[in-house]
Every structure is written in structure tokens, then in C-alpha cells.
Amino acid sequence: MQNPIIVALDVPLAETALQLAAQLAPVVGAFKIGSELFTSAGPEIVRRIRATGADVFLDLKFHDIPNTVAKAVASATRLDVQMITIHTCGGLEMMKAAEQSAQQTALQAGRNAPLILGVTVLTSMDTNNLSEVGVPTNVGHQVERLASLAAKAGLRGLVCSPLEITALRQVLPSHMQLVTPGIRTGAEKADDQKRTLTPKEAITAGANWLVIGRPIYAAENPRAAAEKILASLQ
Ligand code: C5P
């Protein structure tokens, strides 16, 4: 089995991220670089983390016109990241353009295409928030609708909440990779995550990858925390 742990490097400084990466690389599957770290440390932090040999998930959630998203995905692909997020509500054409751009740019660079992951409904949104932005349906339906559209566009992966895994597995092609944040071991506080599963529960439900931030990087001993989570999956 591949190591499914993706550690979210939700820290503002390059040096802190690099220290964590050096410590954790042998026991995790990849590192996630999100808006906070990328905006403060830029593409150089991606190159430096990649230089450790670790895989990188670039979580910038692109959402723009198809041409712009395609170009952003091409830039990310040239940085040699392994996963990139886009918002599925950008529409079918935007998603197709992203996937095509990843495939073509990777081919030119002579490497495997990164996994373009669709984000459906942010877990901070409830049915009332959806209605405020003009989407009068419940969250579950909207997630399934956008997930199916992502599959139609040819995306090979999605980000979803732990509690969406089972329903999505029923409507999606089985090759679709599911990447799940909202993971808590029970040993720590839930922080601001409201709907959580343990690592083992999420994998059993059908997740391929687990995005784990604070339970690892904020632990007294991040490496021991990651090792314990990995052992819990055996
Ligand atoms: O610290 P924690 O384990 O809660 O970190 C989870 C990571 O996953 C963060 O980087 C957060 O932005 C991301 N995420 C999330 N929920 C989503 C999508 C992404 O927690 N629905």
C-alpha cells in the first residue's frame, strides 16, 4: 500500500516548513502546500520541498476562466508537483482545460501528469450559505452534482469531507482518487473541524489519501505522531 498520509504544511515560514519536511519525509506520503505558505514563500518553497524527494500537493484551489486556469495548471505542472486543486464550480470547460493542460505540460516535460483534484462544496458552507450564493439545494446534492461533473470532465480525483466518502463512492467511477481532510485521531482536540473521522475509518470508507495538518505538525513530536497514524492503518 502507498503511504496515504499527506501532511498539510500550514505554516507561514519556509524554514519551518522545511524543518517539518526533513523530519517527516521518511514516514509520510506527501506534503501539502496551501495559500498561506505559497503566498509567503512562493514557488521556491515548492522546489525546495521537491528537492528533498518528497511529493507535493499544491493546494491553491484555482477558479477562473478556462484559459487562465489552464495556464496556472501548466505553471504548477512545470514546478513538478504531484497534485493540484481546482474548484469544480468553475464549470465543465474549466475542468477539462485544467486536465488537458496538466496532461500536455507533463508530456512536454517528460513526466507523469499531476492529479488534478476537484474541490466541490467547501466544508465551511452549509445549505443556508449555499442558498445565500444562489444555489438552492442541500450540500449533499450539490457535492454529488459537482463530483459527477468533475468525472465527466475527466478529472481523476476529488477532495471531499470524510462524511462524503461513502456517498461519493456510490456515484463515482472506482478509479476516482478521493483525498480527505478533516482527519482526527481522537487523541487531540478537533480544532475547528466539525465532521471528522479517524485515519483508519476514512481509509475503510474508501479514501485514497488523508490530508492531516495540526494532529501532526502541532504535535509535541510530529514524527512520532505521523508514525503512530501510519501504524494505526496497518
Ligand atoms: O489541521 P487540519 O488537519 O485541520 O488541516 C486540514 C487541512 O486540509 C488544511 O490545510 C485545510 O485547509 C484543508 N482542508 C480542510 N477542509 C476542507 C478542505 C481542505 O480542512 N474541506
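**The ligand and its pockets**

By class, the shell of residues around the ligand is a mix: five are nonpolar, three are polar and four are charged. The model is a predicted one. As for who is in that shell, the list runs Ala8, Asp10, Lys32, Thr123, Pro181, Arg184, Gln193, Val211, Ile212, Gly213, Arg214 and Pro215.

Some of these shell residues come with polar atoms placed close to the ligand, and a few distances can be put on them. The side chain of Thr123 has an N or O atom 2.8 Å from a nitrogen atom of the ligand. Gly213 takes part through its backbone instead, with a polar atom there 2.8 Å from an oxygen atom of the ligand. Arg214 also uses a backbone N or O atom, which lies 2.7 Å from an oxygen atom of the ligand. On its own, the ligand would expose 460 Å², and the protein buries 81% of that. Looking at secondary structure, strand E8 (209-212) and helix H10 (214-217) are the elements that give two or more residues to the ligand's shell.

So much for the neighbours; next comes the space itself. The ligand sits in the largest pocket, and that pocket has a volume of about 890 Å³. Its lining is made up of 35 residues, and the ones nearest the centre are Lys61, Thr123, Pro181, Gly182 and Gln193. Thr123, Pro181 and Gln193 turn up in the ligand's shell too. Several elements each supply at least two residues of this lining: strand E2 (30-34), helix H2 (35-41), strand E3 (55-62), E8 and H10. Sorted by class, the lining has 14 nonpolar, 10 polar and 11 charged residues.

There is also a second largest pocket, with a volume of about 290 Å³. It has 13 lining residues, and Thr185, Ala187, Glu188, Pro215 and Ala225 are the closest to its centre. Pro215 is a familiar name here, being one of the residues around the ligand. Two or more lining residues come from each of H10 and helix H11 (222-232). H11 gives the largest share, with four residues. The lining of this second largest pocket divides into six nonpolar, two polar and five charged residues. Helix H10 is thus named for both linings, that of the largest pocket and that of the second largest, as well as for the shell around the ligand.

Note on methods:
Residues numbered from 1 in each chain as written. Predicted model: local features only at pLDDT ≥ 70, side-chain atom pairs only at ≥ 80, totals over all residues. Heavy atoms only, no water. Near = heavy atom within 4 Å. Polar contact = N/O pair within 3.5 Å; in protein donor to acceptor, adjacent residues only side chain to side chain. Areas by Shrake-Rupley, 256 points an atom, 1.4 Å probe, with all protein chains shown as cover. 1 Å grid on protein atoms, 1.4 Å probe; cavity = no way out; pocket = protein on both sides within 12 Å on 5 of 7 lines; lining within 4 Å. Sits in = over half its atoms within 2 Å of the grid points. Nonpolar A, V, L, I, M, F, W, Y, C, P; charged D, E, K, R; others polar. Points joined across faces, edges and corners; volume = space filled by probe spheres on them.
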